[in-house]
Amino acid sequence: MAPALAMSSVCAFSSSRYDPRSCVSLDNRVSFRAAFWRNISGNEKRILRRLAIVSVRAVGGTTLQDSVGIEDVLSSGRIMSNGSPEPLGATVRDGGVNFAIFSNGATSASLCLLSLADLDANKVTERIPLDPALNKTGHVWHVFLEGDFRDMLYGYTFDGPFCPQEGNYFDSSRILVDPYAKAVVSRGEYGVPGTGGNCWPQMAGMIPSSHDEFDWEGDLPLSYPQRDFIIYEMHVRGFTQHDSSRTRNPGTYLGVTEKLDHLKELGINCIELMPCHEFNELEYFGDNLATGEKRYNFWGYSTVNFFSPMIRYSSAGLEKCGLGAINEFKYLVREAHKRGIEVLLDVVFNHTAEGNERGPVLSFRGLANSVYYMIAPKGEFYNYSGCGNTFNCNHPIVRQFIVDCLRYWVTEMHVDGFRFDLASIMTRASSLWDAINVYGKPIESDSITMGTPLSYPPLIEMLSDDPILGKVKLIAEAWDAGGLYQVGKFPHGGVWSEWNGQYRDVVRQFIKGTDGFAGAFAKCLCGSPDLYQDGGRKPWHSINFVCAHDGFTLADLVSYNNKNNLSNGENNNDGENHNHSWNCGQEGEPATLTVKRLRKRQMKNFFLCLMVSQGVPMILMGDEYGHSKGGNNNTYCHDNHLNYFRWDQKEEASEDWFRFCRLMTQFRRQCESLGLDEFPTGERLQWHGLLPGNPDWSETSRFVAFSQRDAAKGEMYVAFNAGHLPATVGLPARPGQRWEPLVDTARAAPYDFLADDIAHRELAAGHLAHFLDANLYPMLSYSSVILLLRPDP
């Protein structure tokens, strides 16, 4: 009886001549199917569903993925069908949502639906077991549910072998987050633990709805040439969390949006946001015995989910199960674009928040641990990231995941590019490496072992050649914690730029007066052709920086010889020991007036160097007003004033240091010659020493100068005196023309930059007339100058 019933039902539901979808409403279909479905046994249901697939395969009209099959009416009244294995994630389809997730070793799986209330109570609202015969294609589990799931969440449970020694962590008691979830919900308020003080409460993904919309108001990519960038590295929460920001929504995407005009005023046209993917700021939560405060993962380099924007960076919190956070991030991008500012994301595809074998099982580990992570033969986690695990970037599943994720942020969130943290990990061979696995065919000498640096990493090739991602900005931090240093050698495909760590180190040492760096400093000014020219790259492939989030701020770089990280609670053992810094004669604060003046001069020297170098300058948030962290060069765990932008201090510096920074960025953007497509040659640039045309590249030289033709400014002369003695410099002779001072870092504001709006500007410049009449210029020790060529009246 059951087979006969099953076959007639299959015909009814699969025949193109009779489709209930075409003639009755959803409510009627539910009633119709429910009445039929509830009158047969569980075993008959299973037979029906299996025979439905056999019938479809027999008639050959559709594939398994395409077939409707026999549909269950769940206890909630929702209709369930087999679903499709692609795309991965939860995807709105006509009349419902398709769920698909990869897990290559699980023996059983269930989809869990949760309301916000049940999530907080650690309960599952509805559990839907998946049949491996019907809801699985290859290693992808899938199901389609009809209906609207607004304000609902989802996760999965998987069962299978739990054997860490073999790389398996299956545990059916854990609800796992879908790696493709577009928003991840757990706690709604930053820094506040969950119910019962739980720092790792249950997480779940937002189920998308057909009603999820955002008005982009016609937003299109700005697509600036990268050579024109002035990048600003910033932290979303830190930018506006201090009381002095006076923003309506401090510490959020909306807070940043309120302060975009400050960036516009500074001359910034690109912001690089420190990690905004969902992470757990309470990962290190506990008492900091050194300060009496709590410890946080403030920087965010420990990703839980790569698709989801950080929920607790939004004012919306858990509103609409995370949709509010998505829309606030989109609003930030849209408003930045309106002001001519591109948005880059700092992404962390080198490790995740799951850590080593003692870390939590949140998502990747419980799905396919040996796929997503580099695993040693006995199940240990390789740790090229220094954070407990290493993302298995060149595994086919993982690299496709990374491509899908980045495409989402470009197409759906409108970001303009990415900076890849510890990007050298993305060039290492994957676990289970073999040529067939990667290239689809054997290759000669196929003896590559896991973790080996690859000349042509599949992931880098995929990103470089991708029709979408190959057109956005891709910036590599070209090293990792495993000792792989690739600055100047990162596999680039003509697309990738690099954080130029050598620029940072050389410029720091030359400006503070270390012997032996004059020649290397000159190369930095030219865009580091020694690193990039032979590889076919351009000056703008070098991202030049003196300071970044990890390390000293610019103010601390000239105030401390030694790091002062005691407030981190690690006995000053953390953070970089080799900072190439100089305290200008006294350690920290307070300092004499003479030392303070020298420090200000050195800060101006560093900033001027950034602005006149070929390549792309990057400024650290807060350096434009002289933010100090008290000598702490590793403030990863502080949710306090050390990491907060001080808007009151910015106002205090507005007529001095901030003014200098603003005018220097403006000068750079006005100069055609300071953002070249090609490395400068002798046709445009000439080197000088204390005498014109006579550069000194000796080991003891602390003076570097050059003159450079510029289509907008005519010709400029730039000089750096990094010695401890003043010097009178001979200027290159230009008959019928005269050198006019523009910038002198030794002079007090506002005469350090002789802008056109300065009162008595001519009088200030006239003080040097007797030197300039003789083609000379006096330079104090530790100073730099810019002169412009003008007609001699």
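The questions below concern Arg 508 and Ser 701 in a predicted model.

Q: Why is Ser 701 called buried?
A: Its relative accessibility is 4%. Buried means under 20%, so Ser 701 counts as buried.

Q: Where is Ser 701 placed?
A: Ser 701 is in the loop that joins strand S24 (685–688) to strand S25 (703–710).

Q: What makes the approach of the Ser 701 side chain to the backbone oxygen of Asp 696 a polar contact?
A: The distance is 2.8 Å, and the cut-off for such a pair of N or O atoms is 3.5 Å. The Ser 701 side chain also reaches the backbone oxygen of Phe 703, at 3.3 Å, again within 3.5 Å.

Q: Which residues is Ser 701 in contact with, leaving aside its neighbours within four places in sequence?
A: They are Phe 510, Ala 518 and Asp 696.

Q: How do you know that Arg 508, in helix H13 (residues 501–511), has no salt bridge?
A: The nearest side chain of opposite charge, Asp 505, is 5.7 Å away. A salt bridge requires a separation within 4 Å, so Arg 508 has none, although Arg 508 is buried.

Q: What does the side chain of Arg 508 reach at 2.8 Å?
A: That side chain reaches the backbone oxygen of Val 546. The backbone oxygen of Asn 579 lies 2.7 Å from a polar atom of the Arg 508 side chain. Both residues are also among the contacts of Arg 508 outside its neighbours within four places in sequence, a list including Cys 547, Phe 552 and Phe 606.

How values were computed
Residues are numbered from 1 along each chain as its sequence is written. This is a predicted model: local features need pLDDT of at least 70, side-chain atom pairs count only at pLDDT 80 or more; totals for chains, interfaces and linings use all residues. Side-chain values use heavy atoms; hydrogens and water are left out. Buried means under 20% relative accessible area, exposed over 50%, partly exposed in between (1.4 Å probe, protein chains only). Lys and Arg count as positive and Asp and Glu as negative; His and the chain ends are not counted. A polar contact is a pair of N or O atoms within 3.5 Å; within protein, one must be able to donate a hydrogen and the other to accept it, and residues adjacent in sequence count only if both atoms are side-chain atoms. Contact means heavy atoms within 4.5 Å. Helices (H or I, at least four residues) and strands (E, at least two) are DSSP runs, numbered from the N terminus.
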